[in-house]
Amino acid sequence: MKKRIILVQKLLKQAGLYNDSIDGIIGKNSRKAFAAINEIDASWSDNRKVNGAIQYFAKKNGLEIGPIDGWWRPDTEDAFNQLSHLMDTGSMPKPWRPEDIEDVNPNNWPRQYSPEFDAFYGAPGENLVTITFPYAMKLTWPPYQKVTRTSCHPKVKESLERILVKVLDTYGLDAIGELGLDKFSGCFNKRQVRGGTKWSMHSWGIALDFDQGRNKLDWGRDRAVFAKPEYVKWWEIWEAEGWLSLGRQRNFDWMHVQAAKL
Ligand SMILES: [Zn+2]
């Protein structure tokens, strides 16, 4: 809630309705500012007013938002993220346009489920090597132990090493930890696609999942943390090596990245 209050105080200040400190605490001046906004009902609790103010400023900034009712909905959370970006950088985040992602393929990854794919990678689960990570990861399931190695297909190993070294150089260990880029949810796993009959890309050890808990399979960019602006660099590092993010391309399964095109 404190983060929401801070954002709202900044927005109120910018609108000339608040001239006190940005301290994340609702005091009498924050309440006075809420009272000056007609759309915010005087009978609401402080927290509901904060949510209502986010919805109000979302509408003012032309964002798509439902009713200004003070309830925290997915569209309110999305508005919170977009308005935070606006206050931090001075501009709105770019809209999601997968067609703008530069489609490079320096390693000639094949298209998934194609004859070229079978020729390139062979049978699922037959060809694996061990890769050592340049920084320790933590498994996202109990007992959440540290992992420094995993199994992958030999054809993706060097590319994967280059990517993780680049991630380390770009973000550094602290940011990797803060953003959950070291929350490892698996690579090789011979199994069928959830709800389907085809082999998952994990069956060849050419796909990795990260931070599964905050990037659930059916979550879109309104909920998945890997859709946030601070992860754009992360995805660009993968994409520069030709890897594909289902989140960036299809807006689901944001945990997943694979060395195969769609
Ligand atoms: Zn996956």
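Start by selecting helix H1 (residues 2-14) together with helix H4 (residues 74-89) in this predicted model, and look at how their axes come within 11 Å and cross at roughly 55°. That angle makes H1 oblique to H4, and the crossing of the two helices is left-handed. To see what lies between them, show the side chains of Arg4, Leu7, Lys10 and Leu11 in H1, which meet Phe80, Leu83, Ser84 and Met87 in H4. Coloured by residue class, this contact of H1 with H4 has 5 nonpolar, 1 polar and 2 charged residues.

Next, step back and colour the protein by domain, with domain 1 covering 2-89 and domain 2 covering 98-258. If you place a marker at the centre of each domain, taken over C-alpha atoms, 36 Å separate the two markers. Where the domains meet, 5 residues of domain 1 are in contact with 4 residues of domain 2, and by class the side of domain 1 that touches domain 2 has 1 nonpolar, 2 polar and 2 charged residues.

Now move to another helix pair and select helix H6 (residues 154-179) with helix H7 (residues 232-240), whose axes come within 9 Å and cross at roughly 150°. Because angles over 145 degrees count as roughly antiparallel, H6 and H7 are described as roughly antiparallel to each other. H6 passes H7 in a right-handed crossing. On the H6 side, the residues to display are Ile163, Lys166, Val167 and Thr170, while on the H7 side they are Lys233, Trp234, Ile237 and Trp238. Sorted by class, the contact of H6 with H7 has 5 nonpolar, 1 polar and 2 charged residues.

For the last stop, switch to a cartoon view and pick out the open sheet of 3 strands, which has the order S4-S6-S5 with antiparallel pairing. Strand S4 (207-209) and strand S5 (244-245) stand at the edges, each with a single partner strand, so one side of each is left without a neighbour in the sheet. Strands of a sheet pair through backbone hydrogen bonds, so the backbone atoms are worth displaying here. Zoom in on S5 and strand S6 (residues 256-258), which run antiparallel and are joined by 2 bridges. Which residue in S6 is the bridge partner of Ser245? Selecting Ser245 and following its pairing across to S6 leads to Val257.

Note on methods:
Residues are numbered from 1 along each chain as its sequence is written. This is a predicted model: local features need pLDDT of at least 70, side-chain atom pairs count only at pLDDT 80 or more; totals for chains, interfaces and linings use all residues. Two strands pair if DSSP finds at least two bridges between them. Helices (H or I, at least four residues) and strands (E, at least two) are DSSP runs, numbered from the N terminus. Axes are lines fitted to C-alpha atoms, for helices over the stretch in contact, and angles run from 0 to 180 degrees between N-to-C directions. Angles under 35 degrees count as roughly parallel, over 145 as roughly antiparallel, 65 to 115 as roughly perpendicular and the rest as oblique. A crossing is left-handed if the near helix is turned anticlockwise from the far one by less than a right angle, and right-handed if clockwise. Two residues are in contact if their C-beta atoms, placed from the backbone, lie within 7 Å. Ala, Val, Leu, Ile, Met, Phe, Trp, Tyr, Cys and Pro count as nonpolar, Asp, Glu, Lys and Arg as charged, and the others, Gly among them, as polar. Domain bounds come from an automatic or database domain assignment.
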